[in-house]
Amino acid sequence: MSTVLTQTPAETTTAPARESWRAIFALARFESRKLLLRIPVLFMLAAYVAWIVWRTKGDWNGYPALQDVDRATQTGPLLVGFAVLLCVNQSVLRSQRHDTERLFGVLVLEPWRRTAAHALSILPVTGLVALGVAAQFGRQAVKSTAVGHGSMGELLVGPLCVLLCGAIGLLMARLVPKPFAIPVAAVLLLVFSVLAPVSIGGGATAWLTPIVGEGSTKTIPSDLIGRPAASHALYLTGLALALALLAVLISKGRTKTSTAVLAGSLAGAIALGVVGGIGQAAGVSSETVAARTVATLNPQKVQSCVRHGRSTYCAFPEWVPRTATWAEVTDHVQSLAGGTAQIQKLLVQQRVEARYGMEADGAIDPSTAPNQVTVRTMWGGPRTPEFSAAVASVLVLGNEKAGGDVCDGRMVTIMWLALGWTSDPVTELRAVRLDDSVTGSASVLSPTNGMTMTAGQTSVVRELLAEGPSTVTPKVKAHWAELISPKVTTAKVAQLLGVKAPSGADKCE
């Protein structure tokens, strides 16, 4: 009996550590399943899927630029992030609420290992969000009408926000193990991620927040955006890891070895975040600033030009595949014109105000060059009739700048050419007017300066659109010289084209 009692079991040092790590992963699997089945997480995941469907259905009017699509994937994951923050915190504090903390003392897992398991449990839901981001971006990327290039750094922001939210919930559970702490943390995170960029005025400090928006809605070439997306993703990764490791480090039950390993890992995570933070604070490079200026003032230096039919179309390299679509609109407009306008060679040039990057919008001055038409970087929806109106104004007036001053009957001819070929011209008329109206006076949108329609001109245009191209087009071709005369009135145009003339003289406000 004494011999049995004094025998020392073999391998007493390595087995407990190996079993502890197995137990960590087992607990992490259990907690990840439980996290995914929590009502708040399920609800927010469903809301996130609905948000993806809504965003991908109508955004960009069927003509996405992928350098915009990648940023559009970032805000939706915050829905899931806030639910993860709440549920991870509650999972960590479950033993405290149920008064079972003292029972864990007989288990192989010390408190710091249990915290590590909870940290690992955040990864599956983060992976689901990553799949959602990929689906949202991929649905737009596979469209034949898509142009541009997305950024992996921008696409990583959404999943990293979920990871960051989970790390915050984990750390709060260890620092302030009280139920009231999570609502406070959620409000602070909301302020930090949404309101702080506005209050701190943008710039380098804005990149300390998880999601950084922009003050512009325009689309510019992907190489001119100048957002430090990769550095920001590195910063968020380091921040999330640092918070999670800190939560593990402040938990009890560590040995000197585990403490040293965790402290070293925390230092590495902090270093990772600092490197990303420094990179994202560097600002826009001088090369990008110079490239923006060239693209704005001398776009021909960086554009490619192709011929479609009789006209030439110059675009930034990413948009060259879209020139065929522009050519279709140009051909439709010219098919309704008369005289030399129907065979006029045009130069359609893509122009953009890129000097401010994505921080602000800027107007594009109309071109004074004869027979040159501006096309913007966005397309589809109201952008199509806007371009159509620009083509029509150049065919009637000779150049874009003259469109801002026209107030006579030529405006009727311009709008007929712009809309008469479309399948639903009244809807397009509504889309191209600033106030979405189809009666009364209104401003007409254009890629550069807008034009103005009087109430009388609107009335005549609507009657022409109701008549249809088969009736109106022969009259337009027959009376072309009179219709584009600077002295023609709206009443005279109505008489020539056989519709009711408005009362009163032309008068633009």
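**Close-ups of a predicted model**

**Figure 1. The largest nonpolar core, centred on its best-connected residues.** In this predicted model, the largest nonpolar core takes in 63 residues, and Phe387, Met415 and Leu417 are the ones with the most contacts inside it. Helix H15 is the top contributor to this core, giving 9 residues. Apart from it sits another core, this one of 48 residues, with Leu45, Leu85, Val125 and Leu163 among them. As a bit of background, nonpolar side chains in soluble globular proteins tend to be buried together.

**Figure 2. Who does Phe387 touch, once its neighbours within four places in sequence are left aside?** The partners include Trp326, Val329 and Thr330. Val348 is on the list too, along with Val373, Thr374 and Val375. Trp379 and Pro447 round it off. To place these partners, note that residues 323-336 make up helix H14, that strand S3 spans residues 347-350, and that strand S4 covers 372-375.

**Figure 3. The open sheet of 4 strands.** The strands run in the order S1-S2-S3-S4, and the pairing is mixed. Strand S1 (304-308) and strand S4 (372-375) are the edges, each pairing on one side only. On average, neighbouring strands of this sheet are turned by 20° against each other, direction ignored. Helix H14 packs on the sheet and touches S1, S2 (311-315), S3 and S4. The direction of H14 makes about 145° with that of S2.

**Figure 4. Strands S3 and S4, with helix H15 lying across them.** S3 and S4 pair in the parallel sense, over 4 bridges. Look for Leu347 here: Gln372 in S4 stands opposite Leu347. Helix H15 (residues 383-397) runs at about 170° to S4. Are the residues on the two faces of S4 buried or exposed? Both faces turn out to be covered: Gln372 and Thr374 are buried on one side, and Val373 and Val375 are buried on the other. So S4 pairs on one side only, yet has cover on both faces.

**Figure 5. The largest cavity and its lining.** The structure holds 3 cavities of 30 Å³ or more, and the largest cavity has about 70 Å³ of space in it. Part of the lining comes from Trp60, Asn61, Tyr63, Pro64, Ala65 and Asp68. Thr219 and Arg322 are in the lining as well, and so are Thr377, Met378, Trp379 and Arg383. Two of these names have come up already: Trp379 is a contact of Phe387, and Arg383 falls in the range of helix H15, residues 383-397.

**Figure 6. Asn61 and Asp436, two loop residues with positive phi.** Most residues other than glycine have a negative phi. Asn61, though, has a phi near 55°, and Asp436 has one of about 60°. Asn61 belongs to the loop between helix H3 (39-58) and helix H4 (66-72), and is one of the residues lining the largest cavity. Asp436 is in the loop between helix H17 (425-432) and strand S5 (442-444). How accessible are they? Asn61 counts as partly exposed because its relative accessibility is 39%; Asp436 counts as partly exposed at 46%.

**Figure 7. Leu27 in helix H2.** Leu27 has its place in H2, residues 14-36. With a relative accessible area of 19%, Leu27 is buried, because the cut-off for that is under 20%. Which residues does Leu27 touch, not counting those up to four places away in sequence? They are Leu109, Arg114 and Ala117. Take Arg114: Leu27 and Arg114 are 87 residues apart in sequence, but 7.6 Å apart in space, C-alpha to C-alpha.

**Figure 8. Ala481 in helix H20.** Ala481 is found in H20 (residues 480-483). Its relative accessible area is 61%, so Ala481 is exposed, the cut-off being over 50%. Thr340 is 141 residues away from Ala481 along the chain, and their C-alpha atoms are separated by 9.9 Å.

**Figure 9. Pulling back to the whole chain.** The secondary structure comes to 21 helices and 6 strands. Of the 509 residues, 48% count as buried. Among contacts between residues at least 6 apart in sequence, 74% join residues at least 24 apart.

Key: Residues are numbered from 1 along each chain as its sequence is written. This is a predicted model: local features need pLDDT of at least 70, side-chain atom pairs count only at pLDDT 80 or more; totals for chains, interfaces and linings use all residues. Side-chain values use heavy atoms; hydrogens and water are left out. Two strands pair if DSSP finds at least two bridges between them. Axes are lines fitted to C-alpha atoms, for helices over the stretch in contact, and angles run from 0 to 180 degrees between N-to-C directions. Contact means heavy atoms within 4.5 Å. A nonpolar core is a set of buried Ala, Val, Leu, Ile, Met, Phe, Trp, Tyr and Cys residues joined through side-chain atoms within 4.5 Å. Buried means under 20% relative accessible area, exposed over 50%, partly exposed in between (1.4 Å probe, protein chains only). On a 1 Å grid over the protein atoms alone, a cavity is a set of points where a 1.4 Å probe fits but cannot get out, and a pocket is an open set with protein on both sides within 12 Å along at least five of seven lines; lining residues have an atom within 4 Å of a point. Grid points are joined across faces, edges and corners, and a volume is the space filled by probe spheres set on the points.
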